[in-house]
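User: Could you take me through one part of this protein slowly, as you would for someone in a first year of study? I would like a close look at the place where its two parts meet, and then a view of what surrounds it.

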Amino acid sequence: MAVIQVRNLVKQFNAQKFGVKDVSFDVKDGEFLALVGPSGCGKTTTLRLLAGLEPVSSGEIRFGDRLVNEIRPRDRNVAMVFQDYAVFPHLTVFENIAYGLRARGGFTRYEIDQRVTNAAKMFRIEPLLKRKPRQLSGGERQRVALARAVARDAEVYLFDEPLSNLDAQLRHQAREDIMLLHEKKPKPTVYVTHDQSEAMALGDRIAVMRSGKLEQIGTGTELYSQPNSLFVAFFIGAPSINLFDGKLVADGTDIYVECAPFKALLSRQMIPKVSAHVGKTVKVGVRPEDMHAPKQAPFAVTDDNTIHGVLNEIEPSASGCVAYLTSAQGEQDYVATFRIRLPASYLGKDIPLGINMEKIHLFDAETERSLLYG
Ligand code: ATP
């Protein structure tokens with residue numbers, strides 16, 4: 001059974017301004033949902049509505065069977081970790097961690113002591129319990145906020161960009177700490193971030209928001225390989241998907257996609273989905289790993305599905321390299337990933353790239369919806 005249920009959630013701040021417009025989703029027990037999207041799309045507003053820090057304009061929020069719309073934040077039994085950690089500067093680390101327990105009441109001194117010590121051990125801050133937050137580093141302060149969240153038996157965990165104030169190295173460690181917290185307390189969790197790679201790394205599922213609405217929700221793999229819109233295709237994945245302006249043209253029962261740099265036959269499976277769009281303009285999406293040097297390609301490469309690019313930059317990566325190219329006509333940039341490292345001597349050279357036509361994406365140029373994945 002879903003533990004968080006959000007139905008037709010709306011938050012209107014004033015006559016012109018909506019924070020969230022008709023958002024619905026579920027978070028299952030033990031599930032980690034990453035809420036991702038560009039600045040201003042409504043992520044934090046959604047989280048604040050879940051926590052009860054803002055009243056909803058309409059719609060329903062349920063935790064289990066309980067409709068929580070009218071329930072005060074402290075009675076919703078939610079643990080929330082903020083971007084700025086929200087630790088109290090005048091309290092010691094111990095008292096900061098104990099804060100939620102004391103506020104809820106019903107715990108003996110011994111229980112509080114045990115819970116605080118266990119949470120502090122888990123996040124390696126036991127030696128710091130007597131310090132005040134000003135005597136801590138950013139990473140340590142963030143771990144105090146995590147320990148405070150874990151010390152409580154909250155029904156729901158909410159995170160609002162908790163890593164954005166940390167440098168890259170600490171962020172990596174803190175991600176592991178958050179996974180540890182979720183492992184120990186596998187409760188329904190909503191995690192807000194604008195960083196798609198963080199969402200991909202942490203989320204069991206990812207919800208992509210845009211302009212106050214939910215664009216698509218699914219596993220990272222689903223969003224990456226079956227995006228339902230140009231927006232999701234572009235937002236998920238680094239390096240980003242390559243896009244070409246194209247047109248669908250029919251030749252007998254065959255349908256081709258025609259772009260400036262190539263004209264290639266669509267696969268049979270795509271035909272029923274695109275036949276109503278013949279003659280229309282489309283955006284063609286090709287993921288960097290679906291463009292292959294002909295000798296490496298796990299599919300047939302012909303002149304039709306080959307484009308040419310002049311190699312501008314080679315970026316080594318763990319699994320090979322990322323190559324940045326400009327089309328031979330000089331009008332468009334491409335990104336391709338290679339499973340081998342290209343030698344620097346290839347820079348400035350014209351490289352042929354075969355496109356895996358089974359893996360391309362097609363979007364209606366006007367609505368920007370996917371023709372292949374509805
Ligand atoms: P960011 O990643 O920049 O934090 P976000 O996706 O979390 O952005 P929200 O903070 O939820 O976005 O804001 C959604 C929209 O609602 C924005 O346009 C914002 O300006 C607006 N908004 C948020 N809070 C208020 C408020 N109290 N009054 C009026 N408008 C608000």
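Analyst: A good place to begin is Pro239, which is found in the loop between helix 8 and strand 11 (242–251). The model is a predicted one, and in it the peptide bond that runs from Ala238 to Pro239 is cis, with omega near 0 degrees.

To see where this loop sits, consider the division of the protein into domain 1, covering 2–235, and domain 2, covering 242–364. The C-alpha centres of domain 1 and domain 2 are 39 Å apart, and the contact between them involves eight residues of domain 1 and six residues of domain 2. About 640 Å² of area is buried between domain 1 and domain 2, and carbon and sulfur atoms give 63% of that area. On the side of domain 1, Tyr224, Leu230 and Ala233 lose the most area to domain 2, and together they account for 74% of what that side buries.

Which helices supply at least two residues each to the side of domain 1 that touches domain 2? They are helix 7 (220–225) and helix 8 (230–235). If the residues of that side of domain 1 are sorted by character, six are nonpolar, two are polar and none is charged. Across the interface of domain 1 and domain 2, the rule finds zero salt bridges, although it does find three residue pairs in polar contact there.

Salt bridges do occur in the structure, which holds 17 of them. One of these joins Glu31 to Arg205, with the closest N and O atoms 2.5 Å apart. Glu31 belongs to the loop between strand 2 and strand 3, while Arg205 belongs to strand 9 (residues 205–210), so that this pair links distant parts of the chain, 174 residues apart.

Aromatic rings offer another kind of pairing, and a search of the whole structure finds seven aromatic pairs. In one of them, the rings of Phe32 and Tyr191 have centres 5.5 Å apart and planes at 40 degrees, and the pair is therefore tilted. Because Phe32 lies in strand 3 (residues 32–36) and Tyr191 in strand 8 (residues 189–193), the pair ties together parts that are 159 residues apart in sequence.

One last detail concerns the backbone at Asp22, a residue of strand 2 (residues 18–28). Asp22 has a positive phi of about 60 degrees, although it is not a glycine.

How values were computed
Residues numbered from 1 in each chain as written. Predicted model: local features only at pLDDT ≥ 70, side-chain atom pairs only at ≥ 80, totals over all residues. Heavy atoms only, no water. Domains from an automatic or database assignment. Contact = heavy atoms within 4.5 Å. Buried area = accessible area lost by both parts, 1.4 Å probe. Salt bridge = Lys/Arg side-chain N within 4 Å of Asp/Glu carboxyl O. Polar contact = N/O pair within 3.5 Å; in protein donor to acceptor, adjacent residues only side chain to side chain. Helix = DSSP H or I, 4+ residues; strand = E, 2+ residues; numbered from the N terminus. Nonpolar A, V, L, I, M, F, W, Y, C, P; charged D, E, K, R; others polar. Phe/Tyr/Trp six-rings, centres within 6.5 Å; stacked < 30°, edge-to-face > 60°.
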